[in-house]
Each structure stands twice: as structure tokens, then as C-alpha cells.
Amino acid sequence: MEENKRKGAKSQKDVSDSILEQLNNGLIESANLTEWLCIDHVSLIKNVLPTAYQEDCINSIEDLKSKSVMSMIKSIGDVLCISSKQKNDKKLFDQLKTHKSDSVRCWAAYIIGSDKEISLYKKLELIQPFAADSHFGVREISWMAVREDIDENLDIAIPILQIWSKSDNPNIRRFSSESIRPNGVWCRKIDKLKANPEIALPILQNLKSDISKYVQDSVANWLNDASKTKPEFVTALCRKWGQESPTKETDYIIRRALRSLKK
């Protein structure tokens with residue numbers, strides 16, 4: 001998909017009725033976080049999903065204690081995963097994963113994450129197109145959808161993500177580090193990596209001088225997370241990288257990685 005070039009509104013009150021109608025009908029992608037957050041997922045369900053799935057998805061949203069965008073997307077994905085299996089519907093996921101609406105593609109990502117019958121290896125294989133998606137929201141949801149499985153199967157995940165860290169696609173390289181950040185954002189922490197950050201070295205080492213700022217920020221944030229529990233590890237690694245990779249990219253990562261320790 002082509003990167004969305006439309007500029008979005010800076011605040012939700014400035015999102016025009018026309019744009020909001022198109023978003024809620026699944027006709028366009030959200031242009032920024034503001035638009036992404038103002039989408040009415042109940043309306044989107046009614047306008048996009050087959051009738052047989054609508055009631056269960058809407059009820060799942062109504063039952064949520066906290067109706068955040070993140071919780072609604074996950075809830076819809078959970079319901080669609082279960083319901084499509086019960087109906088033996090093999091077409092639904094294929095229809096949703098390439099939908100024009102980024103929010104609908106986010107639902108599809110959580111269908112993968114919610115599936116208890118497939119291995120982490122298969123989940124990562126299926127989630128990779130979402131990790132490479134042109135839309136920022138889909139890319140974020142992609143790693144959140146499988147983070148629990150990654151946390152529970154780090155020994156399987158690390159070798160796979162090490163391969164991803166060498167991808168030609170910066171979005172996939174970024175997934176390899178962002179998905180295993182010790183603390184992360186809006187997600188569960190990975191205690192094993194908080195206690196033993198060296199487990200992720202096969203991935204981090206490949207990204208220490210990445211040419212993409214998108215990837216550089218992820219690696220720096222990874223190390224900043226780790227500095228909260230293992231400051232000596234981060235300090236030593238940054239010193240090592242500074243000596244073996246004296247590039248502007250590595251220097252940027254190091255400065256950002258040490259920001260909390262230098263306060």
C-alpha cells in the first residue's frame with residue numbers, strides 16, 4: 001500500500017464530518033494519530049463486517065470496562081478469531097488483512113494474535129506483512145498483537161527476529177526490536193529481558209548503526225528501557241558500540257539510549 005500523504009487534523013474537534021464519515025465507513029486510512037483515535041469502531045463494524053459478525057463484536061465492545069481504542073481493537077480481533085473458526089470462514093481474514101481501512105487491518109492483526117491453535121513461528125510468519133504495512137497504526141498493532149506469545153516463547157522468537165533484523169525493509173527491522181522492548185508502550189513488560197537484556201544482543205547488534213531513524217529510535221528506546229533495571233549493561237554496550245562503530249547513526253542511538261542515565 002502507498003504511504004498516506006494526506007495531512008490530518010491536529011485535534012479531534014478539527015476532523016471534518018466528511019473525513020470522519022469516510023473513516024467510519026472504511027473508505028480511507030487515518031492520516032495521523034488524531035484521526036486514528038477518533039474512529040467509531042461500532043460504526044466501522046456495521047459498515048465493514050458481514051452481518052453475521054456484527055452483533056458479537058459490538059457486544060464485546062459494550063462489555064469492556066475501559067473502551068480505549070487499543071482495548072476495542074483487541075476485543076474485535078478476539079471475537080473475529082473465535083467466530084470465524086466456528087463458522088469455518090476461511091475468507092474473512094483474507095478480506096480484512098488487505099482492507100483499505102487501517103483500523104480493519106488492525107483487527108486482522110489481532111485475529112492472528114488471538115489464535116491459540118497456531119505456533120509462534122506461524123504467528124510471526126502471518127504478522128510480517130502487518131509489520132511491513134505502510135500505516136503507522138497497523139505497524140504498532142502488529143507487534144502488540146503477538147507480544148504475549150513472544151514473551152512466553154523468547155527462545156523461539158529471538159532467532160526469528162534476528163533474521164528479521166537483517167531485512168531490507170526498515171519496518172520489519174524495527175519490529176524486531178520494538179516487539180521485544182523490555183518495557184514497551186501500552187503493553188505488558190517482558191520481565192525476562194528486564195532482568196537479562198543480553199538475551200536480545202543478537203538482534204540489537206545487527207541494528208547498532210541502522211540507517212533508518214525509525215529503527216534507530218526503537219533501538220535507543222530499547223536500551224533506555226533496559227537502563228532502568230540494568231544500567232551497567234547499557235553503559236558497557238554503548239561504550240563498546242562507540243568504539244567499534246564510530247558512525248553518526250550509532251552515535252545517535254547511544255545518546256538517546258543514555259538519556260535517562262544522564263539526567
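Colleague: Which residues touch the most other members of the largest nonpolar core?

Modeller: In this predicted model, the largest nonpolar core has 77 residues, and Leu80, Ile180 and Leu223 touch the most other members.

Colleague: What does Leu223 touch, not counting residues up to four places away in sequence?

Modeller: Leu223 touches Leu204, Phe233, Val234, Leu237, Cys238, Trp241, Ile253 and Ala257, where touching requires heavy atoms within 4.5 Å.

Colleague: Why is Ala257 called buried or exposed?

Modeller: Buried means under 20% relative accessible area, and Ala257, which lies in helix α16, has 0% relative accessibility, so Ala257 counts as buried. Ala257 touches Ala220, Leu223, Asn224, Ser227, Val234 and Cys238, again leaving out residues up to four places away in sequence. The C-alpha atoms of Ala257 and Val219 are separated by 7.8 Å, although these residues are 38 residues apart along the chain.

Colleague: Which other residues of helix α16 are buried, and what do the buried residues pack against?

Modeller: In α16, residues 248-257, the buried set includes Glu249, Thr250, Tyr252, Ile253 and Ile254 as well as Ala257, and the buried residues of this helix pack against α13 (201-207), α14 (213-227) and α15 (231-244).

Colleague: What makes the arrangement of α11 and α14 roughly parallel?

Modeller: Angles under 35 degrees count as roughly parallel; helix α11, residues 170-178, packs with α14 at an angle of about 5°, the axes being 9 Å apart, and the two helices are therefore roughly parallel to each other. On the α11 side the contact is made by Pro170, Asn171, Arg173, Arg174, Ser177 and Glu178, and on the α14 side by Tyr214, Val215, Ser218, Val219 and Trp222. By class, this contact of α11 with α14 has five nonpolar, three polar and three charged residues.

Colleague: How do you know that Cys187 is in no disulfide?

Modeller: A disulfide needs a pair of cysteine sulfur atoms within 2.5 Å, whereas the nearest cysteine sulfur to that of Cys187, belonging to Cys106, is 15 Å away, and Cys187 is in no disulfide. By this rule the count of disulfides comes to zero.

Colleague: Why is Cys187 called partly exposed, and why is Cys238 called buried?

Modeller: Partly exposed covers relative accessible areas between the buried limit of 20% and the exposed limit of 50%, and Cys187 has 22%, so Cys187 is partly exposed. Cys238, by contrast, has a relative accessible area of 4%, which is under the 20% limit, and Cys238 is therefore buried.

Technical notes: Residues are numbered from 1 along each chain as its sequence is written. This is a predicted model: local features need pLDDT of at least 70, side-chain atom pairs count only at pLDDT 80 or more; totals for chains, interfaces and linings use all residues. Side-chain values use heavy atoms; hydrogens and water are left out. Buried means under 20% relative accessible area, exposed over 50%, partly exposed in between (1.4 Å probe, protein chains only). Helices (H or I, at least four residues) and strands (E, at least two) are DSSP runs, numbered from the N terminus. Axes are lines fitted to C-alpha atoms, for helices over the stretch in contact, and angles run from 0 to 180 degrees between N-to-C directions. Angles under 35 degrees count as roughly parallel, over 145 as roughly antiparallel, 65 to 115 as roughly perpendicular and the rest as oblique. Ala, Val, Leu, Ile, Met, Phe, Trp, Tyr, Cys and Pro count as nonpolar, Asp, Glu, Lys and Arg as charged, and the others, Gly among them, as polar. A nonpolar core is a set of buried Ala, Val, Leu, Ile, Met, Phe, Trp, Tyr and Cys residues joined through side-chain atoms within 4.5 Å.
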